[in-house]
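Reader: Hi! Could you walk me through this one? I'm new to reading structures.

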Amino acid sequence: MAQGFRVALPGKSGTSTEPRDYSFSSEFTTVKVYSEHFGTIGLSASGTAFATISHNLGYVPMVIPYLELKTNRWFCGPGFVSGTGLSIYGTNTDAYMSNQESSVGTDNFVLGVKNQTAGSISVRYRCYIMGDSGN
Amino acid sequence: MYGLKISNPGVDVGTSDPRTTSMRSDFNMFKIHSDGTAFGTIQAGEQAGTVTFTHNLGYVPAFWTYYIGTDNKQRLLSYLPEGIGGQGEISSYAGTDTIKCVFDFGAAYNQNVYQASDFYNTWAGGSLLFLAGDRSGGKDGAIRFTNLALNKNESVLSAVLDVHVASKGTNTNNLKIITRGIDEDNTADFSSSPMGRSQTAASGTQEQSMTSPTPFNFGINVKSQLEEINSRSGWSSGNAMGFFVINNASPTDCYFSDAYTESPNSFLTVTRQGSATFGFRALIFKDKVSEN
């Protein structure tokens, strides 16, 4: 390793070549949380609603969304979203994140959520905008 | 602003681009709370199983979960609507103390439900009703099922004839019946009377309450009869199987009937042996997802 900075895990050697022995090593890009966003989306019966989260990074970042799709049940998105996004969908949940309505661009992340119930509901979400590229 | 910044190799540490820094103290990083695997089992007849990872953080944490397939490959969740290979619905979700990972087949595992293909009864002499008991004297019935997914000599966990009672007699004392199998390799349809066909030695004697208002269902255990038939030398999976329900001195005007023309509602439910094991990996972070 050229000059750099490493922090070994407890009980591990600072000269180990095993990446899993380090909590940090400047050899490896670390997935960094650029910003966190918490909010609530209100949905009409069987309706769709959106949250637009600005990041203004100028590139498409990784996004990790978590949504409370049923009371006290938080679901994680698949993790790395680029372009038109990925779906979180559960047949027993009150709502789902729609891959058709959600997208990540160079300046914002649009989170589209669809209500699966016949009444109005609110869905809480937390989105992590990562500092690392998603495309 | 004071802090710590480490740039990627070859990159000026003065860069403001987050992509070219391996660490910046003004950017949070996910901190691992725990990383573990756990396995569960779904028994035959059960529909779903849940594996629970306890974190006891008191708040909803960020997490990633993976489904561990029988190929030992890990698939990232939180939701696989068609599971793996089109079987099972797999999902995971977090609460304030646990991560729940669920494998749901959508139907009872290793269980097949067969709708009747043929009825017969000795009261009307025809194939429109499945009937047995005392209706103008003792009457017997027969019922047939096709395309049974059952290997030769296969021992099953259970086999239940689920009788749908669309109508009944006026006598609400107990119906008395004996059930035997049609002892044939691949019993033919009931376009002609099946009542003279051979019967299995295996039988079941039963008294059934008839006090419930119609429609209602009751079950007949036919496991031993089924296993006698599928142990025949000529049995193979996909064959048809039938059963006789024979009056056994039921009280006068005490009988059941299910009408074929009204969409037969009598079924054969066979639960085969076996279980399915499923596994999950949960990577739980100390970082909070929920506001509270």
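Author: Happy to; we'll take one strand of chain A and then the contact between chains A and B, keeping in mind that this is a predicted model.

Reader: Great. Is strand β5 of chain A mostly covered or uncovered?

Author: Mostly covered: β5(A) spans residues 61-70, and 9 of its 10 residues are buried.

Reader: Which way does β5(A) run relative to β10 of chain A?

Author: They run antiparallel, with 6 bridges joining β5(A) to β10(A), residues 121-133. Within that pairing, Pro61(A) sits opposite Ser133(A).

Reader: And how many bridges does β5(A) have with β6 of chain A?

Author: There are 4, again in the antiparallel sense, and β6(A) covers residues 73-76. Here Leu67(A) faces Phe75(A). The two strands form a hairpin with 2 residues between them, where Asn72(A) has a positive phi near 65°.

Reader: Cool. Switching topic: how many residues of chain B are in contact with chain A?

Author: On the chain B side 34 residues take part, touching 35 residues of chain A. About 2900 Å² is buried between the two chains, and carbon and sulfur atoms give 61% of that area.

Reader: How many salt bridges are there between chain B and chain A?

Author: The count is 0. There are, however, 10 residue pairs in polar contact between chain B and chain A.

Reader: Which elements of chain B give two or more residues to that side?

Author: Those are β2, β5, β8 and β23 of chain B. The largest share, 5 residues, comes from β8(B). By class, the chain B side has 17 nonpolar, 10 polar and 7 charged residues.

Key
Residues numbered from 1 in each chain as written. Chains lettered and ligands numbered in written order. Predicted model: local features only at pLDDT ≥ 70, side-chain atom pairs only at ≥ 80, totals over all residues. Heavy atoms only, no water. Buried < 20%, exposed > 50% of the residue type's maximum accessible area, 1.4 Å probe, protein only. Pairing = 2+ DSSP bridges. Contact = heavy atoms within 4.5 Å. Buried area = accessible area lost by both parts, 1.4 Å probe. Salt bridge = Lys/Arg side-chain N within 4 Å of Asp/Glu carboxyl O. Polar contact = N/O pair within 3.5 Å; in protein donor to acceptor, adjacent residues only side chain to side chain. Nonpolar A, V, L, I, M, F, W, Y, C, P; charged D, E, K, R; others polar.
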